[in-house]
Amino acid sequence: MLMKEYRICMPLTVDEYRIGQLYMISKHSCEQSGGGEGVEVVRNESSIHPQHGQGQLTEKRIYLNSKLPSWAKAFVPRFFYVTEKAWNFYPYTITEYSVSFLPKFSIRIETRFENNNGDNDNVFGDTPTPAESVSFLDILSDPIPEKQYKESENIRDILLVGHRQAVAWIDEWHGLSLEEVREYELAMQEKTNSKVKSSQNNTGPPAASRPPFSRSISVTDERSLKKMGVTTVAMSDPSGSSVPPSTIRLNSTPE
């Protein structure tokens, strides 16, 4: 199992970043949705963890077909998606990713937020991560490379961009209460879901036309038909036939 720990120092307290993170995720998801792609929120409900207490469970479908290389598009469904399940027991969260057409593939991310400068070598309280597996991210000066597939940085770039946006949008969310940012989150979810679903409905493949089907008979009297040796049979409508259904860790440490 691949184990990688990312440490990100933020110019915010843990309490401040709780609001900024929720705001950033909601706004970013809406901005990236459209054209049949983006983030669809399947559920967003309260959850209780035996160790971490009250939290929030969200499940999302992330449609990313256009992000695939051209050769791969021939092998995947038109609207494939990544499923994201997140258990938010702030300041501890768990996020899991899986792919709709690769059931055995998954990524698990644990995140712990602390008020320090990233010097805690055992933030999760179990086994310290080896030094060679720890990567520090600088949201101010680390470059974001051109879009290309790098196995070691799928996750790194996402974290870098997301945390940078949370700070860049600070004037929009700073001062909001948790209740207010949750209201904003729900409003943006409705808007985002609407954008994804309407685009998919408009760009979906055309419905298959029904094959021509007609029947006629020149004698309509049933008595006469029987004399001719013809019996009537109830014919089924073809449209009614049924078809068989075909760990990474993140240590975010605001100052």
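Guide: Welcome! Helices are DSSP runs of H or I with at least four residues, strands are DSSP runs of E with at least two, and both are numbered from the N terminus. Please keep in mind that this is a predicted model.

Visitor: How many helices and strands does the protein have?
Guide: Reading along the sequence gives the pattern β-α-β-β-α-β-β-β-β-α-α-α-α-β. Each α in it stands for a helix and each β for a strand. The totals are six helices and eight strands.

Visitor: What share of the residues of the protein count as buried?
Guide: A residue is buried when its relative accessible area is under 20%. The protein has 255 residues to sort in this way. The share that counts as buried is 38%.

Visitor: How much of the accessible surface belongs to carbon and sulfur atoms?
Guide: The accessible surface of the protein comes to about 16,300 Å². The part of it that belongs to carbon and sulfur atoms is 53%.

Visitor: Which helix has the highest confidence?
Guide: Over the protein, pLDDT averages 77, and 68% of the residues score at least 70. Among the helices, α6 (residues 222-227) marks the lowest confidence in the protein, with a mean of 50. The highest confidence, at 96, is in residues 170-173, which form helix α4.

Visitor: How many contacts does the model have for residues 232-247, beyond four places in sequence?
Guide: Throughout residues 232-247, pLDDT stays under 50. The model still has contacts for this stretch beyond four places in sequence, and their number is twelve.

Visitor: What distance does helix α1 reach from its first C-alpha to its last?
Guide: Helix α1 covers residues 14-31, which makes 18 residues. At 1.5 Å a residue, the expected span is 26 Å. The model comes close to that, with a reach of 25 Å.

Visitor: And what distance does helix α3 reach?
Guide: Helix α3 runs over residues 154-168 and has 15 residues. Its buried residues include Ile155, Leu159, Leu160 and Ala166. The expected span is 21 Å, and the model is close to it, at 22 Å.

Visitor: Which residue of helix α3 forms a salt bridge with Asp142?
Guide: Side chains of opposite charge can pair when their charged atoms come close. Asp142 sits in the loop between β7 (134-137) and α3, and its partner is 14 residues away, in helix α3. The two side chains meet at 3.1 Å, N to O, and the partner of Asp142 is Arg156.

Visitor: Is Arg156 buried or exposed?
Guide: The cut-off for buried is under 20% relative accessible area. Asp142 has 16%, so it is buried. Arg156 has 15%, so Arg156 counts as buried.

Visitor: How many residues apart in sequence are the parts tied together by Glu59 and Arg43?
Guide: Glu59 and Arg43 form a salt bridge, with their closest N and O atoms 2.9 Å apart. Glu59 lies in strand β3 (residues 53-63) and Arg43 in strand β2 (residues 38-49), so the pair ties together parts of the chain separated by 16 residues.

Visitor: Why does Arg43 count as partly exposed?
Guide: Partly exposed lies between the buried limit of 20% and the exposed limit of 50%. Glu59 is buried, because its relative accessible area is 15%. Arg43 counts as partly exposed because its relative accessibility is 30%.

Visitor: Which residue is linked with Glu5 and Arg7 in a network of salt bridges?
Guide: The whole structure has nine salt bridges. In the one between Glu5 and Arg7, the closest N and O atoms are 2.8 Å apart, and both residues are buried. The network that links Glu5 and Arg7 also holds Asp121.

Visitor: Which residues make the nonpolar surface patch of about 250 Å²?
Guide: One member of the patch, Phe105, lies in strand β6 (residues 102-113). With a relative accessible area of 39%, Phe105 is partly exposed. The patch is made by Phe101, Leu102 and Phe105.

Visitor: Which residue does a cis peptide bond join to Tyr90?
Guide: The bond has an omega of about 15°. The partner of Tyr90 is placed in the loop between β4 (81-89) and β5 (92-99). That partner is Pro91.

Visitor: What distance separates the C-alpha atoms of Leu140 and Met10?
Guide: Leu140 lies in the loop between β7 and α3, and it is exposed, with a relative accessible area of 77%. Along the chain, Leu140 and Met10 are 130 residues apart. In the model, their C-alpha atoms are separated by 9.7 Å.

Conventions: Residues numbered from 1 in each chain as written. Predicted model: local features only at pLDDT ≥ 70, side-chain atom pairs only at ≥ 80, totals over all residues. Heavy atoms only, no water. Buried < 20%, exposed > 50% of the residue type's maximum accessible area, 1.4 Å probe, protein only. Areas by Shrake-Rupley, 256 points an atom, 1.4 Å probe, with all protein chains shown as cover. Patch = residues over 30% accessible without salt bridge, like charges linked within 9 Å, V, L, I, M, F, W, Y side chains within 5 Å. Salt bridge = Lys/Arg side-chain N within 4 Å of Asp/Glu carboxyl O. Expected span 1.5 Å × (residues − 1). pLDDT = per-residue confidence, 0-100. Contact = heavy atoms within 4.5 Å.
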